[in-house]
Amino acid sequence: MKLDILCFGAHPDDVELSCSGTILRQIDLGYKVGIVDLTQGELGTRGSAELRLQEAKKAAEILGISCRDNLGLADGFFRKDRETLLKIITKIRQYQPDIILCNSETDRHIDHGRAGDLIEDASFLSGLRRIETQLEGTLQEVWRPKSIYHYIQDRMQPADLLFDITPYIERKIESIKAFSSQFYDADSTEPETPISGEFFFDFIKSRAMEFGRNINVKYAEGFTVRRTIGSDNLMHLL
Ligand SMILES: [Zn+2]
């Protein structure tokens with residue numbers, strides 16, 4: 001199955017927190033989108049790996065994505081090595097995305113920056129024909145995505161691209177709430193974390209409002225990109 005956009009997240013919920021509005025809008029525009037989570041988030045303070053897998057499935061249904069896979073890398077301990085890069089290359093070649101959305105290049109959680117860097121390298125290496133990978137015994141075609149955008153998640157950064165998600169903000173919040181073990185639940189007896197307070201959803205909305213203000217829309221999501229963004233129609237830019 002070929003996808004238009006493939007999203008990578010170090011942990012299940014990174015994608016929902018950071019670029020689910022963009023995903024919802026692109027799917028409404030007719031594009032096919034999928035998610036690959038690198039880990040099961042098994043080091044998370046609240047919930048469990050099994051619970052987060054169920055939550056990820058529920059969030060995927062809310063977003064209407066075409067597929068969601070989990071690479072099962074070690075939360076907190078995955079590194080940029082040959083084995084890990086080959087696993088990611090195999091996913092890129094399997095889904096042949098034109099665009100990749102992935103973690104920020106630097107963030108509060110140490111896994112995020114490492115994941116962002118890994119995906120950049122894997123996307124480049126995926127285009128080299130002398131790196132051979134197989135899927136179910138069949139040699140894969142080489143594939144290099146056109147663009148890689150890093151979604152801004154926790155720590156604020158100047159964005160290179162802002163994407164209007166105004167009509168999708170409530171569904172974005174709904175997709176985040178699918179991860180009910182991680183976020184505010186008045187009845188939960190689990191320890192509090194930096195993301196489990198009731199105010200956290202105010203933060204999500206205010207971040208989107210701050211990004212939106214810069215492009216004269218109500219809510220937006222922000223991305224950074226290593227290469228310069230191009231266009232062939234200035235009228236399409238906000
Ligand atoms: Zn994360």
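Cys-7 is a good place to start: at 0% relative accessibility, this residue counts as buried. The structure you are looking at is a predicted model, and the tour below moves outward from that cysteine to the strands, a helix pair and the salt bridges.

**Cysteines without a bond**

The structure holds zero disulfides. For Cys-7, the closest cysteine sulfur belongs to Cys-19, and at 4.7 Å that is too far for a bond. The cut-off for a disulfide is 2.5 Å between the sulfur atoms. Cys-102 is another buried cysteine, with a relative accessible area of 0%. The closest cysteine sulfur to Cys-102 is again in Cys-19, 9.2 Å away, and this too is too far for a bond.

**Strand E1 and its partner E2**

Where does Cys-7 sit in the fold? It is part of E1, where Ile-5, Cys-7 and Gly-9 point one way while Leu-6 and Phe-8 point the other way. Residues on either side of E1 are buried. With five of its five residues buried, E1 is largely enclosed by the rest of the structure.

E1 runs parallel to strand E2 (residues 33-39), and five bridges join the two. Across this pairing, Cys-7 stands opposite Ile-35 in E2.

Further along, strand E2 also contains Leu-38, which counts as buried at 0% relative accessibility. Which residues does Leu-38 touch, leaving aside its neighbours within four places in sequence? Its contacts include Phe-8 and Gly-9, both of which belong to E1. Also among them are Ala-10, Asn-70, Leu-71, Phe-78, Ile-88, Ala-115 and Ile-119. As for Ser-20, 18 residues from Leu-38 along the chain, the C-alpha atoms of the two are separated by 17 Å.

**Two helices that meet**

Ser-20 takes part in a contact of its own, between helices H1 and H2. The axes of H1 and helix H2 (residues 49-63) come within 10 Å and cross at roughly 35 degrees. On the H1 side, Glu-16, Ser-20, Ile-23, Leu-24 and Ile-27 make the contact, and on the H2 side Ala-59, Ile-62 and Leu-63 do. What kinds of residue meet in the contact of H1 with H2? Six are nonpolar, one is polar and one is charged.

**Strand E9 and its neighbours**

E9 is another mostly covered strand, with five of its five residues buried. Ala-220, Gly-222 and Thr-224 lie on one side of E9, Glu-221 and Phe-223 on the other, and both faces are covered.

E9 is joined to strand E7 (residues 147-151) by two bridges and to E8 by four. In the pairing with E7, the strands run antiparallel, and Tyr-151 stands opposite Phe-223 in E9. E8 and E9 run antiparallel as well, with Leu-161 standing opposite Phe-223.

**Salt bridges across the chain**

How many salt bridges does the structure have? The count comes to 16. Here are some of them.

| Salt bridge | N to O distance |
|---|---|
| Asp-98 and Lys-2 | 3.1 Å |
| Asp-164 and Arg-25 | 3.5 Å |
| Arg-226 and Glu-105 | 2.6 Å |

In the pair of Asp-98 and Lys-2, the side chains meet in a salt bridge. Asp-98 lies in the loop between helix H3 (82-95) and strand E4 (99-102), and Lys-2 in the segment before strand E1 (5-9), so the pair ties together parts that are 96 residues apart in sequence. Asp-98 is partly exposed at 24% relative accessibility, and Lys-2 is partly exposed at 36%.

The salt bridge of Asp-164 with Arg-25 brings in both a strand and a helix. Asp-164 belongs to strand E8 (residues 161-164) and Arg-25 to helix H1 (residues 14-28), so this pair ties together parts 139 residues apart in sequence. Is Asp-164 buried or exposed? Asp-164 is buried, with a relative accessible area of 16%, whereas Arg-25 is partly exposed at 24%.

Arg-226 and Glu-105 form a salt bridge that links distant parts of the chain, 121 residues apart. Arg-226 is in the segment after strand E9 (220-224), and Glu-105 is in the loop between E4 and helix H4 (110-125). These two residues also belong to one network, in which salt bridges that share partners join them with Lys-80, Asp-117, Glu-120 and Asp-121. Arg-226 is partly exposed, with a relative accessible area of 46%, and Glu-105 is partly exposed, with 31%.

Methods
Residues are numbered from 1 along each chain as its sequence is written. This is a predicted model: local features need pLDDT of at least 70, side-chain atom pairs count only at pLDDT 80 or more; totals for chains, interfaces and linings use all residues. Side-chain values use heavy atoms; hydrogens and water are left out. A salt bridge is a side-chain nitrogen of Lys or Arg within 4 Å of a carboxyl oxygen of Asp or Glu. Buried means under 20% relative accessible area, exposed over 50%, partly exposed in between (1.4 Å probe, protein chains only). Axes are lines fitted to C-alpha atoms, for helices over the stretch in contact, and angles run from 0 to 180 degrees between N-to-C directions. Contact means heavy atoms within 4.5 Å. Ala, Val, Leu, Ile, Met, Phe, Trp, Tyr, Cys and Pro count as nonpolar, Asp, Glu, Lys and Arg as charged, and the others, Gly among them, as polar. Two strands pair if DSSP finds at least two bridges between them.
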